[in-house]
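Here is a short tour of the ligand site and the hollow spaces of this protein. Have the structure open as you read, and follow the residues as they come up.

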Amino acid sequence: MTHEIVVIPGDGIGQEVTPAAVDVLRALELDFEFVEADAGDAVAEETGEPLPQETYDLAAEADATLFGAVGETAADVILPLREAVGSFVNIRPAKAYPGVDALRPETDLVFLRENTEGVYSGHEDRLTQDVSTLTRVVTESASRDLAEFACEYVSGDDHDGFTIAHKANVMRETDGLFRDTVAEVATENGVETDEVLMDAFATHVCLDPAQFDVVVCPNLAGDVLSDLAAGLVGGLGLLPSANVGRDRALFEPVHGSAPDIAGEGVANPAATIISAAMLLEYLGYDDEAAAVETAVEATLEEGPRTPDLGGDASTEDVTQAVIDRL
Ligand code: GGG
């Protein structure tokens, strides 16, 4: 059966790391049909439309989507694309790799980030010259969807429950509802949880990341805390992610468009290639997913490496090294 994979490189280094990941997928010679689509700042400049309807429709219909990066138009591109695939959870693993200079080499975490609401609700207003507002939306249903996924996630592997990161001591209604719902679903499913205030988590994870395993958190917290964890493992070039829905999913590196290095051909493709490995696993190609991950790990350990990891290799060199190891 042919799988249709929609590929949306987007902006900046997305134009470099996404083709790299597609080259790795092509090297596996699976029955994939790649369909390229546009989105992002450059398309917005050309057409006035950051996310063409055709791109949205393609993602909404595809077996899986591989996304690169977006710059200033993030709210108009990645949030609707997550909606297009019906994603309610963003899975963001953050782990240190052998051979990579990491602040905390013992880090091995997975963030399960709520993916539809919170402060990313889009309800923002400019009331006066002086005052702007944002409505933070938290629903029991979205918190429940996330929690049910988290329960299934920790039961499928060697995890001892999960940690709920929140700020319910200040955002009593919204994070109170989030925390209580997630904890309730965990109890219903016989899953152990502990909880931590998200600001305290930021300190604890820097001092002793090994005390955490799976962390369930609201939308913005998941975005910020996973970037923080990237700093512990060697940088944003290493963090993949999966936006999972009931029938579809979209895979993307956690990093953005990195305009400072875009066009130089030196962006680290590892995060996008590991995102492609997550795509393979999602489609049921477990052996191929493991092979890609092993090839990336060996490349990170033995080189070549891009400048963000202290090397002088290009995106193409690293991609070819991964393909050669496959
Ligand atoms: N590939 C990730 C990307 O382009 N990220 C830009 C960004 O701002 N993302 C916000 C988010 O992940 O919610």
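In this predicted model, four elements each supply at least two residues of the lining of the second largest pocket: β3, α4, α8 (219-233) and β12. Helix α4 gives the largest share, with seven residues. The pocket has a volume of about 610 Å³. Its lining counts 31 residues, and the closest to the pocket centre are Ala74, Ile78, Leu79, Arg82 and Tyr120. By character, the lining splits into twelve nonpolar, twelve polar and seven charged residues.

This second largest pocket is where the ligand sits. Three elements give two or more residues each to the shell around the ligand, namely β3 (64-69), α4 (74-84) and β12 (249-253). In total, 14 residues surround the ligand, and Gly68, Arg82, Arg113, Pro253 and His255 are the closest. Arg82 therefore turns up in both lists, among the residues closest to the ligand and among those closest to the pocket centre. The shell is made up of six nonpolar, three polar and five charged residues.

Which protein atoms lie 2.8 Å, 2.9 Å and 3.0 Å from a nitrogen atom of the ligand? The table sets them side by side.

| Residue | Protein atom | Ligand atom | Distance |
|---|---|---|---|
| Gly68 | backbone N or O | nitrogen | 2.8 Å |
| Glu252 | polar side-chain atom | nitrogen | 2.9 Å |
| His255 | polar backbone atom | nitrogen | 3.0 Å |

Gly68 and His255 thus take part through the backbone, whereas Glu252 does so through its side chain. As for cover, the ligand taken alone exposes 360 Å², and the protein buries 87% of that.

Now for the closed spaces. How many cavities of 30 Å³ or more are there? The count comes to two.

The largest cavity has a volume of about 60 Å³. Residues that line this cavity include Asn268, Ala270, Val296, Arg305 and Val322. Helices α10 (286-302) and α11 (315-325) each supply at least two lining residues, and α10 provides the largest share, three residues. Seven of the lining residues are nonpolar, three are polar and one is charged.

The second largest cavity has a volume of about 40 Å³. Glu114, Glu117, Gly118, Val138, Phe178, Pro218 and Asn219 form its lining, which divides into three nonpolar, two polar and two charged residues.

Definitions and conventions: Residues numbered from 1 in each chain as written. Predicted model: local features only at pLDDT ≥ 70, side-chain atom pairs only at ≥ 80, totals over all residues. Heavy atoms only, no water. Near = heavy atom within 4 Å. Polar contact = N/O pair within 3.5 Å; in protein donor to acceptor, adjacent residues only side chain to side chain. Areas by Shrake-Rupley, 256 points an atom, 1.4 Å probe, with all protein chains shown as cover. 1 Å grid on protein atoms, 1.4 Å probe; cavity = no way out; pocket = protein on both sides within 12 Å on 5 of 7 lines; lining within 4 Å. Sits in = over half its atoms within 2 Å of the grid points. Nonpolar A, V, L, I, M, F, W, Y, C, P; charged D, E, K, R; others polar. Points joined across faces, edges and corners; volume = space filled by probe spheres on them.
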